[in-house]
Amino acid sequence: MPPPKAQKITPRARDFSEWYTDVIQQAELADHSPVRGCMVIRPLGYRMWELMQGALDAMFKATGHENAYFPLFIPQSFLAREAEHVEGFAKEVAIVTHTRLRATGKGGAGAVEPDPSSALEEPLVVRPTSETIIYAMFAKWIQSYRDLPLLLNQWCNVVRWEFRTRLFLRTTEFLWQEGHTAHATEAEAEAEARQILGVYRRFQEEWMAMPVLTGLKTPSEKFAGALRTYALEALMQDNKSIQSGTSHNLGQNFAKAFNVQYQTAAGGLEHVWNTSWGVSTRLIGGLIMTHSDDNGLVAPPRLAPIQVVIVPIYKTDDEQRGVLQAAEKVRGDLEKTGVRVKLDGRPELKPGAKYFEWEARGVPLRLEIGPRDVAAGQVTMARRTGGKAPVRLDDLAAKVPEALAEMQGALLQAARERREQHSIRGVTKQEFIDFMKAQGGFAYGGFCGSAECEAEIKDATAATIRVLPDPEFRSPEAPKTCMWCGKPSVAEAVWAQAY
RNA sequence: CGGGGCGUAGCGCAGUCCGGUAGCGCGUCUGGUUUGGGACCAGAAGGUCGGCGGUUCGAAUCCGCCCGCCCCGACCA
């Protein structure tokens with residue numbers, strides 16, 4: 001019997017926000033840094049990011065993209081070159097103005113100060129995103145249509161000085177990838193932006209087991225400087241939506257601002273068409289809020305840093321020897337099949353304590369090996385999502401990958417069902433208001449296209465248009481009128497309260 | 001930046017009203033006994049009580065100023 005200890009994780013039903021924070025703490029994914037709003041990604045969280053990077057990077061390469069690295073610092077004047085872009089980011093950029101410190105003779109925190117004689121002639125901004133510096137370089141590299149398309153990606157950190165931050169979801173500094181491409185025609189750029197949206201969707205569904213809606217952002221939600229922004233939206237367990245990725249058709253806005261031109265086959269001079277697209281460590285926040293439960297993290301097997309943990313159980317020294325030997329063998333066998341496995345041989349903890357710990361860290365499968373199992377030539381396999389059954393040692397190398405694959409599928413299925421249960425289609429104004437006031441979720445309805453309606457709805461319900469959904473997500477029947485103002489509908493929209 | 005709350009051991013807190021040896025739980029360390037769902041016993045380490053100043057014989061406690069953090073509102077992946 002587990003003694004009723006103080007619950008370390010606040011139940012979701014009591015306080016979702018607290019629950020989220022507790023899950024991250026207990027799973028040791030990340031921690032707050034001494035700098036307000038910044039995050040330390042701990043080994044487990046970073047391993048998960050590495051697994052995400054590995055999968056995404058392979059997908060980028062498979063679609064013809066190459067990695068490069070552009071610098072952290074951007075001349076302040078660059079940011080100002082594209083008018084809409086600078087307006088979008090001006091309020092949240094960090095600026096470097098000096099190159100050295102000097103001693104003040106005072107003690108403590110005031111012992112040093114920026115040396116006035118080291119002031120930079122032109123301040124540098126710390127990249128909030130890299131369009132400006134990348135397209136400044138593209139202008140040098142692109143001469144002719146033969147240089148196109150140029151398909152680059154970079155993995156890096158960016159800084160956006162946010163007022164309110166939350167681990168993974170919104171931090172001052174975060175890790176991401178940003179793809180930047182240049183094309184000869186608008187159609188090619190559009191195809192690229194759409195292709196990447198598909199890549200992101202596949203990654204999020206197949207690897208993260210996180211179902212997404214894809215579609216177009218309205219002008220009020222699009223990226224500053226883009227022609228069009230496509231996005232992916234996923235519904236979290238608190239019925240708020242998270243934007244889990246964006247892909248922009250930048251048109252020729254940056255090409256014109258940075259003079260990125262190429263000679264056509266016919267000998268003319270044209271501006272290129274650009275795209276940019278990114279996903280960030282925010283994905284980890286989405287993953288947590290999609291699958292995890294009141295016992296802690298639930299990691300989808302394909303992205304679980306540890307997929308299987310082996311917990312040996314024994315009383316006597318004799319038993320310990322036999323059990324550990326069997327456990328080592330199991331670990332070796334599983335490693336050979338490519339499973340990420342850990343044997344928890346710590347002698348100072350009781351098995352139950354280990355169960356709780358690994359559950360909090362989201363390990364999909366736990367193999368318990370005790371004297372009875374050894375005698376029977378089996379292990380006891382427990383799933384993070386529930387259920388426990390013996391598995392013969394001979395079958396293990398086959399059964400473990402099978403169970404992992406099943407769990408991966410079941411998580412996506414469960415998340416999809418949950419999303420559909422919290423979606424409402426063809427809403428009327430009153431239904432919409434009631435829905436957003438009560439449980440919330442994805443509300444599908446007609447939209448007249450006016451920014452006024454959008455703003456009114458946001459004021460009244462805190463809900464915003466997440467996307468104008470792509471065809472595969474639209475309702476069977478297109479709405480005829482705007483669910484808010486009753487004027488003719490120009491597109492179906494999906495509203496939700498959002499992160 | 002506006003409204004609210006809080007700074008005491010690694011973490012969570014009591015003590016502050018009413019000044020008088022700085023405490024509790026968890027965790028950590030040592031030793032022993034334990035181990036099929038959060039072990040137990042014994043011992044130990046660990047503190048400029050956010051900072052500076054004031055009142056006082058004496059301040060975690062009273063007064064003043066400052067600093068930091070969390071939650072809620074306006075920006076955002």
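A polar contact here is a pair of N or O atoms within 3.5 Å; within protein, one atom must be able to donate a hydrogen and the other to accept it, and residues adjacent in sequence count only if both atoms are side-chain atoms. The structure is a predicted model, in which local features need pLDDT of at least 70 and side-chain atom pairs count only at pLDDT 80 or more, while totals for chains, interfaces and linings use all residues. Residues are numbered from 1 along each chain as its sequence is written, chains are lettered from A and ligands numbered from 1 in the order in which they are written, and side-chain values use heavy atoms, with hydrogens and water left out.

Confidence comes first. With pLDDT being the predictor's confidence in each residue, from 0 to 100, chain A averages 93, and 97% of the residues score at least 70. Residues 1–6 stay under 50, and the model has zero contacts (heavy atoms within 4.5 Å) for them beyond four places in sequence. Where pLDDT is low, the predicted coordinates should not be read in detail.

On to the RNA. Counting a residue as near when one of its heavy atoms lies within 4 Å of the strand, 37 residues surround RNA strand B, and the closest are Arg-164, Arg-170, Arg-282, Arg-372 and Asp-373. Of the strand's atoms that come within 4 Å of the protein, sugar and phosphate make up 42%. As for polar contacts, a polar backbone atom of Thr-171 sits 2.6 Å from a base nitrogen of strand B, and one of Tyr-314 is 2.8 Å from a sugar or linking oxygen. The side chain of Arg-366 places an N or O atom 2.7 Å from a base oxygen. Elements giving two or more residues to this surface are α10 (351–360), β19 (365–369) and α11 (371–376); helices (H or I, at least four residues) and strands (E, at least two) are DSSP runs, numbered from the N terminus. The largest share, six residues, comes from α10.

Elsewhere, helix α2 (residues 43–62) meets helix α8 (residues 282–291), their axes coming within 10 Å and crossing at roughly 105°. Axes are lines fitted to C-alpha atoms, for helices over the stretch in contact, with angles from 0 to 180 degrees between N-to-C directions. In this contact, Gly-45, Met-48, Trp-49 and Met-52 of α2 meet Leu-283, Ile-284 and Leu-287 of α8.

Two backbone details round things off. Leu-148 and Pro-149 are joined by a cis peptide bond, with omega about -5°, and Pro-149 is in the loop between α5 (131–141) and β9 (150–159).

Glu-28, not a glycine, has a positive phi of about 60°.
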